[in-house]
Amino acid sequence: MQASLVDIAFEEPPFSLLDERLRQRLAEGVDLHYFEALAQPLVPGAVGEAVYIIHKGEVAELAADSALPDAATLDKAQREGLDAWVSLRIGHYTAGDLFGALTLLNGHCRTRFVCEQETLCYQLPAELFFSLCDECPAFGEYFQHSLSDKARLLAAQRDTRQGASRDQAGFMLARVMDCMRPPLKLAASASIEQGVKAMQTAGADSLIISVEGRQGVVTRTDLLNALVIQGLAANHPLASLGSFALVAVTAEEYLFQALVQMTRHRVARVVVKERLTPDAAVVGVIELTDVLGFFSNRSQLVSLEIERASDMAALEQASARLPEMVRALAMQGVHMRHAMALLSALNGRLIERTFAMLVAEEHRASSCLMLMGSEGRGEQILKTDQDNGLIIADGHQWPENEDTLQRFSDALAGLGYPPCPGNIMVSNPEWVATESRWRGKIARWCAGRDGEALMNLAIVFDARASGGNEALVDSLRGHLVRHATRDELLLSHFARPALHFSTPLTLFGSLRSPRHGIDIKKGGIFPIVHGVRTMALERGVMATGTFARLEALVSDGRIEASDSADLAEALSLFAELRLRQQLRHLEEDEHGAGAGGASDSRRDGQDKTTAAREAGSRNLIITQSLSSLERDLLRDALSRVKDFKQRLSHRYHLEY
């Protein structure tokens, strides 16, 4: 076939891995092959003669022992996207996708490929395929890459494509090593006077000391307080002045991750270590002034605005700029895990500052605000519904709390966090209780094991503190873990919702309506989040985020490192695809509002059913809008979800 007539996306992996000469050879070596509907290009046990690249049509990959659909069933599936046989699909391939490579590499076909409609494919002969693999090993390796490997390939591809635009906002991808300063180290026996002079000479605001193997920081403020407030002599040793609870990052991390840590821990500096272990050497220091100087005049930075806000109007102004920051992160291809961490820290700080502005100090010291749901796990990008609760220390008197907490919920709504449809927020007295009453609730939920009780247990297990006495949340979650860890029956009930939604490997292809898209939250995100949550509860893992829970479960030996990496990558992919859809809806809403507020007036008139349907559409992913590599990644990711659910079913006896 003439190369000029071949319509193959050579700019997409795996073909982009080939050089121009090999692409030309591929284009000249393929032939067009036509398959009728229900034809089987590959069957179980077949040796295989070619790799097939779909030009037009759809092909389903089915389990080896699956029953084939008849023409009527197939037609119904094409029209409705749903039918019993379709649940047996392992994968679904459309224009631009290829299949058959693993058959050649493995020596035989392990599944069955069925054309769901008349299909036209480019046929790449086995001999030419192996020749390309030999001359370009990366091409051959692509077909056996893990999900993590393919995700890195997608990131590299985006780096190349974005080029200049990435340079214009490269600060979002700056590393800690780009901004850190060398640590000023002094002996712990050195005097305050020596410390002051050393800082003055080095132009530093802090120094590092070591006491009995523990590394600590002494700041300029520490020295000033020691001399002026404590009245210590200038020859007093530094050892007693150090702070040894260090917040640390590594040099390879993104610079904005250092900002995340400063925001979350409310500190003005972090130390840079070779690795994140207690005994690792300090190799640098990042000051808040360094970060802000590096990010100077960048419209995306809202952290400083949040910290400087003196009233709710200033907080609202800072909050309004978060969507702009989200867009910048998405445009620059920042990994979703890092983007989640940054946005979660900023959202948490916004909510914490609001709590501090509206709740008197005496009540904050004897209570703790809990953030729950995706905000509690630190996995929310755009603002979500309010999911919060309050623990009040036993014995503390706060008779007017209902009025105060209603004002707090109203203030959050003003910042862009809408009320929770399930009314899980502090303006609802059911989610405000003393320590003792909360423990009683948990005991009743563990004993009840009904759907609402299990949901409430999951909500509390994901909770993190955001203002007030953080020890109250830690104590409550510890109480929950002690109740649940050894209760096999409770864990079985708790795990079951992970299987409630089918894995949407059945909904790929040329679908006629957006309602037939993939609900990525139900089919992809929730099974991972809840399955990992269950395993964490069983093992007493106190981390709240899914990524941190996966790492802890690997350390505990509960899950293999490779499986953890694939689940983490799958969750990141789902979050990215969902974010794109949410940003599209956000832009539509903004355009609607700009055209005379039509969007707001429409929303005001919606009933709850319509609102829920619109919210659900923000989770729908239409696969035709994805690149070939993204579809390949999505297939792989959903397959990992399906395998994970099977392991959950076996571990918690859900098949019974």
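Residues with a relative accessible area under 20% are called buried here, those over 50% exposed, and those in between partly exposed. Keep these cut-offs at hand for the tour. The model is predicted.

**Stop 1: Asp-450**

Select Asp-450. The loop between helix H18 (435–448) and helix H19 (451–461) holds this residue. Its relative accessible area is 39%, so Asp-450 is partly exposed. Now add His-493 to the selection. The two residues are 43 apart in sequence, and their C-alpha atoms are 8.4 Å apart in space.

**Stop 2: the whole chain**

Zoom out and colour by secondary structure. The protein chain has 27 helices and 18 strands. Of its 656 residues, 51% are buried. Next, think about contacts with a separation of 6 or more. In the protein chain, 74% of these join residues 24 or more positions apart.

**Stop 3: the nonpolar cores**

Show side chains for Leu-26, Phe-129, Phe-139, Leu-390, Trp-438, Leu-457 and Phe-574. These have the most contacts inside the largest nonpolar core, which counts 133 residues.

Centre on Leu-457. Which residues is Leu-457 in contact with, leaving aside its neighbours within four places in sequence? Select Ile-442, Trp-445, Cys-446, Leu-480, Leu-490 and Phe-494 to see them.

There is also a second, separate core, made of 15 residues. Leu-207, Val-218, Ala-226 and Leu-238 are among them.

**Stop 4: His-479**

Go to helix H20, where His-479 lies. Is His-479 buried or exposed? Its relative accessibility is 13%, so His-479 counts as buried. Sequence neighbours within four places aside, His-479 is in contact with Arg-439 and Ile-442. Ile-442 is also one of the contacts of Leu-457.

**Stop 5: the second largest pocket**

Turn on a surface. Rolling a probe the size of a water molecule over the atoms shows where empty space is left. The second largest pocket has a volume of about 1200 Å³. Its lining counts 40 residues. To find the centre, select Gln-261, Arg-264, His-265, Thr-544 and Ala-548, the lining residues closest to it.

Then colour the elements that give two or more residues to this lining:

- helix H9 (255–265) and helix H14 (336–358)
- helix H16 (373–377) and strand S16 (464–468)
- helix H20 (471–484) and helix H23 (546–555)

Which element gives the largest share of the lining of the second largest pocket? That is H14, with nine residues. By class, the lining has 13 nonpolar, 14 polar and 13 charged residues.

**Stop 6: helices H9 and H23**

Stay with the pocket and isolate H9. This helix is mostly covered, with eight of its eleven residues buried. They are Leu-255, Phe-256, Gln-257, Ala-258, Leu-259, Val-260, Met-262 and Thr-263. Step past the end of H9 to Arg-266, where phi is positive, about 55°.

Switch to H23. Here Thr-546, Phe-547, Arg-549, Leu-550 and Leu-553 are buried. Look down the helix axis: the buried residues of H23 fall within an arc of 160°, so they line one face of the helix. An α-helix has 3.6 residues a turn, so residues three or four places apart point the same way. After H23 comes Gly-557, with a positive phi near 80°.

**Stop 7: Asp-279**

Select Asp-279, in the loop between strand S11 (269–273) and strand S12 (282–287). Its relative accessible area is 60%, so Asp-279 is exposed. Add Arg-214. The two are 65 residues apart along the chain, with 7.6 Å between their C-alpha atoms.

**Stop 8: backbone oddities**

Switch to a backbone view. Most residues other than glycine have a negative phi, and most peptide bonds are trans. Three places are worth a look.

- Pro-13 and Pro-14 are joined by a cis peptide bond, with omega about 5°. Pro-14 is in the segment before helix H1 (20–29).
- Asn-423 has a positive phi, near 60°. The loop between helix H17 (401–414) and strand S15 (432–434) holds Asn-423, which is partly exposed at 34% relative accessibility.
- His-653 has a positive phi too, near 55°. This residue is in the segment after helix H27 (628–651). His-653 is partly exposed, with a relative accessible area of 44%.

Notes. Residues are numbered from 1 along each chain as its sequence is written. This is a predicted model: local features need pLDDT of at least 70, side-chain atom pairs count only at pLDDT 80 or more; totals for chains, interfaces and linings use all residues. Side-chain values use heavy atoms; hydrogens and water are left out. On a 1 Å grid over the protein atoms alone, a cavity is a set of points where a 1.4 Å probe fits but cannot get out, and a pocket is an open set with protein on both sides within 12 Å along at least five of seven lines; lining residues have an atom within 4 Å of a point. Grid points are joined across faces, edges and corners, and a volume is the space filled by probe spheres set on the points. Helices (H or I, at least four residues) and strands (E, at least two) are DSSP runs, numbered from the N terminus. Ala, Val, Leu, Ile, Met, Phe, Trp, Tyr, Cys and Pro count as nonpolar, Asp, Glu, Lys and Arg as charged, and the others, Gly among them, as polar. Buried means under 20% relative accessible area, exposed over 50%, partly exposed in between (1.4 Å probe, protein chains only). The arc is that of the directions from the helix axis to the C-beta atoms. A nonpolar core is a set of buried Ala, Val, Leu, Ile, Met, Phe, Trp, Tyr and Cys residues joined through side-chain atoms within 4.5 Å. Contact means heavy atoms within 4.5 Å.
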